[in-house]
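I opened a new page for this protein. My plan is to look up the overall make-up, then a few single residues.

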Amino acid sequence: MPAAVDILAEVPLFHHLSDVDRARLAARIDVERVAAGTQMFAHGDPGGSMYVVRSGVVELFFKNDTGERIVLETVGPGQFFGEISLLDGGPRTAAAVVTEDLEALVVDRGDLEDLFTVSPAAAMSLLAAAGERQRNTVHLLRHTASRDRGLR
């Protein structure tokens, strides 16, 4: 299993950091193991941490107003999720369910605050990564809305 420092180097959010900064962050973060079939969090739950997948798969989804389950993303090794509530301190915007046994690095708000103090460029990288995810979500929703309109 790759070390936390190696995993962080592959994540777009952290790959630009120096080896020293990555090692500093890796020393602070925890590892969480979650069995397949477990819901990690639900829409509206308190946030405060993001996850970087070492192994396993997590599905991020929400239910729309008609109860239809909309899958936003399936996240695997080297990818991350949960960053929105980490950034703004608000509740979770989607639910996360583990579909293959998960081992993930857990980065909490305090970890990032310390990182941003020593590496302000990391904050810009996180914002860019969050913006990219937002764009992907908008694209997904636009596609879903187009399909629904055509069925009427």
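**Entry 1: charges and surface**

I counted 15 positive and 22 negative side chains in the protein, and I found the centres of the two sets 6 Å apart. I note that the model is a predicted one. For the exposed surface I got about 8300 Å², with carbon and sulfur atoms supplying 53% of it.

**Entry 2: fold**

I listed 5 helices and 6 strands. Along the sequence I read the pattern α-α-β-β-β-β-β-α-β-α-α. The radius of gyration is 16 Å, close to the 15 Å from the globule rule for 152 residues, so I put the protein down as being as compact as a globular protein of that length. Along the principal axes, I found that the C-alpha atoms fill a box of roughly 55 × 30 × 25 Å.

I then looked up burial and contacts. Of the 152 residues, 41% are buried. Among contacts with a separation of 6 or more, 71% join residues 24 or more positions apart.

**Entry 3: nonpolar cores**

Which residues touch the most other members of the largest nonpolar core? I found Leu8, Phe14, Met50 and Val52, in a core of 21 residues. Two or more residues of this core come from each of helix H1 (4-10), helix H2 (19-28), strand E3 (49-63), strand E6 (95-108), helix H4 (109-118) and helix H5 (120-151). Apart from this core I noted another, of 14 residues, with Val34, Leu60, Val98 and Leu102 among them. As background, I wrote down that nonpolar side chains tend to be buried together in soluble globular proteins.

I looked up Phe14 next. Beyond four places in sequence, Phe14 touches Leu8, Arg22, Leu25, Met50, Val52, Leu112 and Leu115.

**Entry 4: Met50 and Val52**

I placed Met50 in strand E3. Its relative accessible area is 0%, so I entered Met50 as buried, the cut-off being under 20%. With neighbours within four places left aside, Met50 is in contact with Leu13, Phe14, Phe80, Phe81, Gly82, Glu83, Leu86, Leu105, Val106 and Val107. I also checked Met50 against Ser125: the two are 75 residues apart in sequence, and their C-alpha atoms are 15 Å apart.

Val52 is in strand E3. Is Val52 buried or exposed? I found a relative accessibility of 0%, so Val52 counts as buried. Outside the four places on either side, Val52 touches Ile7, Leu8, Val11, Phe14, Gln79, Phe80, Glu103, Ala104 and Leu105. From Val52 to Val106, 54 residues along the chain, I read a C-alpha separation of 6.6 Å.

**Entry 5: Leu102**

I turned to a residue of the other core. Leu102 sits in strand E6 and counts as buried at 4% relative accessibility. I listed its contacts beyond four places in sequence as Glu32, Arg33, Val34, Met40, Val53, Ser55, Gly56 and Val58. Arg33 is 69 residues from Leu102 along the chain, while the two C-alpha atoms are separated by 5.5 Å.

**Entry 6: Arg135**

Last, I looked up a residue in helix H5, Arg135. With a relative accessible area of 66%, Arg135 is over the 50% cut-off, so I entered this residue as exposed. Arg135 and Gln79 are 56 residues apart in sequence, and I read 16 Å between their C-alpha atoms.

Methods. Residues are numbered from 1 along each chain as its sequence is written. This is a predicted model: local features need pLDDT of at least 70, side-chain atom pairs count only at pLDDT 80 or more; totals for chains, interfaces and linings use all residues. Side-chain values use heavy atoms; hydrogens and water are left out. Helices (H or I, at least four residues) and strands (E, at least two) are DSSP runs, numbered from the N terminus. The radius of gyration is taken over C-alpha atoms; the globule rule is 2.2 Å times the number of residues to the power 0.38. Buried means under 20% relative accessible area, exposed over 50%, partly exposed in between (1.4 Å probe, protein chains only). Contact means heavy atoms within 4.5 Å. Accessible areas come from the Shrake-Rupley method with a 1.4 Å probe; for residues, only the protein chains shown count as cover. Lys and Arg count as positive and Asp and Glu as negative; His and the chain ends are not counted. The place of a charge is taken as NZ of Lys, CZ of Arg, CG of Asp or CD of Glu. A nonpolar core is a set of buried Ala, Val, Leu, Ile, Met, Phe, Trp, Tyr and Cys residues joined through side-chain atoms within 4.5 Å.
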